[in-house]
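Walk me through this structure. Start with the charged pairs, then move to the protein interface and the DNA.

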There are 2 protein chains.
Amino acid sequence: MFSVPTRTQYGIRALVHLARSFVQVPLSSDSDEEARGAQAVVTSAEIARTEAISPKYLEGILVQLKAAGLVVAERGKNGGYRLSRPPETIRMSDVIAALEGEVRPVDCVESSGVCAQGGSCLPRRFWLGLKAAIDGYLSSKTLRDVIDA
Amino acid sequence: MFSVPTRTQYGIRALVHLARSFVQVPLSSDSDEEARGAQAVVTSAEIARTEAISPKYLEGILVQLKAAGLVVAERGKNGGYRLSRPPETIRMSDVIAALEGEVRPVDCVESSGVCAQGGSCLPRRFWLGLKAAIDGYLSSKTLRDVIDA
DNA sequence: TATATTCCCAGTAAGCCGATAGGAATTGTG
DNA sequence: CACAATTCCTATCGGCTTACTGGGAATATA
Ligand code: FES
Ligand code: FES
């Protein structure tokens with residue numbers, strides 16, 4: 001019950017991997033190229049290897065994470081991925097949202113009156129409470145909390 | 001994300017329906033038959049009709065609920081279902097467990113070491129925390145809380 | 001016997017999920 | 001420029017789950 005798809009598990013493991021090799025970019029460095037070079041980009045293939053994830057599958061997940069602005073990609077040779085910002089500023093609710101969209105236990109979280117009870121549906125409040133509990137936990141944890149738990 | 005199957009939603013709506021027509025059995029009544037007759041059994045078909053649920057589908061769900069001991073069935077003519085005990089003694093975690101089994105966001109809630117990190121896997125603790133948050137909410141609510149929320 | 005009901009088992013259509021394949025676009029390097 | 005390494009895009013496939021339907025057996029009442 002409430003099983004999380006592997007897509008999400010893989011995404012989080014990839015982010016954890018990136019977070020562990022994250023170093024702050026030194027401000028006002030002499031050249032951007034050197035700063036980027038020092039910035040420890042990790043290739044998708046390397047993450048897939050050390051985490052034992054299907055390489056091609058992981059590629060798509062990283063693209064998705066990039067589209068959400070959580071990671072930054074350097075294309076071309078010697079390219080790879082790095083975190084877009086420090087791990088303590090990335091809430092796990094953002095990660096879940098990027099990989100799976102809004103937490104919605106039942107369809108009637110937004111539009112009520114789906115079931116027979118009409119506007120004031122009893123079960124609906126129960127589901128809304130569950131959503132609040134889940135969202136509360138997810139947004140209370142950051143990627144930093146996960147990597148040094 | 002975290003979408004709950006209709007099976008579970010239907011099951012809860014059926015239980016809510018039964019809980020609203022639940023009356024305490026008078027203790028030491030003269031005859032069991034009269035007590036049962038007064039006990040407001042509701043047929044599966046009636047629940048399906050007023051809740052607008054596929055009748056045949058709901059039948060199976062009620063059988064499942066009965067197997068878990070949450071409802072009691074009277075077979076034969078004039079039969080139907082009733083709650084096996086007062087709504088305030090039925091935790092929603094029991095209901096979820098009956099309909100879907102244990103809350104298990106990822107497979108590694110029990111056996112660790114599935115992912116590369118070995119025994120002390122970081123993401124795993126995060127998932128365990130999520131499971132605790134969900135379980136905590138579910139076991140804090142009873143069927144009574146749901147029907148008079 | 002007739003009727004109403006729970007109960008059991010089987011099947012089906014559609015959708016999702018994890019994974020794979022092939023290649024285009026981009027960028028550093030000799 | 002040629003090559004290699006990498007991100008990125010699109011399409012597809014097999015397997016599994018889900019929601020639902022159907023047919024009827026068992027059970028109880030009248
Ligand atoms: S409106 Fe969603 S359960 Fe009633
Ligand atoms: S053991 Fe489950 S995520 Fe690592």
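A salt bridge here is a side-chain nitrogen of Lys or Arg within 4 Å of a carboxyl oxygen of Asp or Glu. This is a predicted model, in which local features need pLDDT of at least 70 and side-chain atom pairs count only at pLDDT 80 or more, while totals for chains, interfaces and linings use all residues. Residues are numbered from 1 along each chain as its sequence is written, chains are lettered from A and ligands numbered from 1 in the order in which they are written, and side-chain values use heavy atoms, with hydrogens and water left out.

By the salt-bridge rule, the count over all chains comes to 20. Side chains of opposite charge can pair when their charged atoms come close. One network of salt bridges links Glu102(A), Arg104(A), Lys131(A) and Asp135(A). Within this network, Lys131(A) bridges to Asp135(A), with the closest N and O atoms 2.9 Å apart. The two residues sit four apart in helix α6 of chain A, so about one helical turn separates them. Helices (H or I, at least four residues) and strands (E, at least two) are DSSP runs, numbered from the N terminus. Lys131(A) counts as buried, at 16% relative accessibility. Asp135(A) is partly exposed, at 24%. The cut-offs are under 20% relative accessible area for buried, over 50% for exposed, and partly exposed in between (1.4 Å probe, protein chains only).

A second pair lies in helix α4 of chain A. Lys56(A) forms a salt bridge with Glu59(A), and the closest N and O atoms are 3.9 Å apart. These residues are three apart in α4, so again about one helical turn lies between them. Lys56(A) is exposed, with a relative accessible area of 64%. Glu59(A) is partly exposed, at 39%.

Chain B offers a pair of another kind. The side chains of Arg13(B) and Glu51(B) meet in a salt bridge, 3.1 Å from N to O. This pair links distant parts of the chain: Arg13(B) is in helix α1 and Glu51(B) is in helix α3 (residues 44-51), 38 residues apart. Arg13(B) is buried at 12% relative accessibility, and Glu51(B) is buried at 2%.

Now turn to the protein interface. In contact (heavy atoms within 4.5 Å) are 39 residues of chain A and 39 residues of chain B. The two chains bury about 3,700 Å² between them, 71% of it on carbon and sulfur atoms. Buried area is the accessible area (1.4 Å probe) that two parts lose on being put together, summed over both. Met1(A), Phe2(A) and Phe126(A) supply 21% of the area that chain A buries against chain B, more than any other three residues.

How many salt bridges does the count give between chain A and chain B? It is zero. The interface does hold 10 residue pairs in polar contact, both residues at pLDDT 80 or more. A polar contact is a pair of N or O atoms within 3.5 Å; within protein, one must be able to donate a hydrogen and the other to accept it, and residues adjacent in sequence count only if both atoms are side-chain atoms. On the chain A side, α1 (6-20), α3 (44-51), α5 (92-100), α6 (122-140) and α7 (143-147) each supply at least two residues. The largest share, 11 residues, comes from α6(A).

The DNA comes next. DNA strand C is surrounded by 25 residues, the closest being Thr6(A), Ser54(A), Lys56(A), Glu59(B) and Tyr81(B). A residue is near a strand if one of its heavy atoms lies within 4 Å of it. Sugar and phosphate account for 65% of the strand C atoms that come within 4 Å of the protein. A polar side-chain atom of Tyr81(B) lies 2.6 Å from a phosphate oxygen of strand C. Arg75(B) reaches a base: an N or O atom in its side chain is 3.0 Å from a base oxygen of strand C. The largest share of this surface, four residues, comes from α4(B).

DNA strand D also has 25 residues around it, with Ser44(A), Glu59(A), Tyr81(A), Ser54(B) and Lys56(B) coming nearest. Here sugar and phosphate make up 69% of the strand atoms within 4 Å of the protein. A side-chain N or O atom of Arg75(A) is 3.0 Å from a base oxygen of strand D. A polar backbone atom of Thr6(B) is 2.9 Å from a phosphate oxygen of strand D. On this surface α4(A) gives the largest share, four residues.
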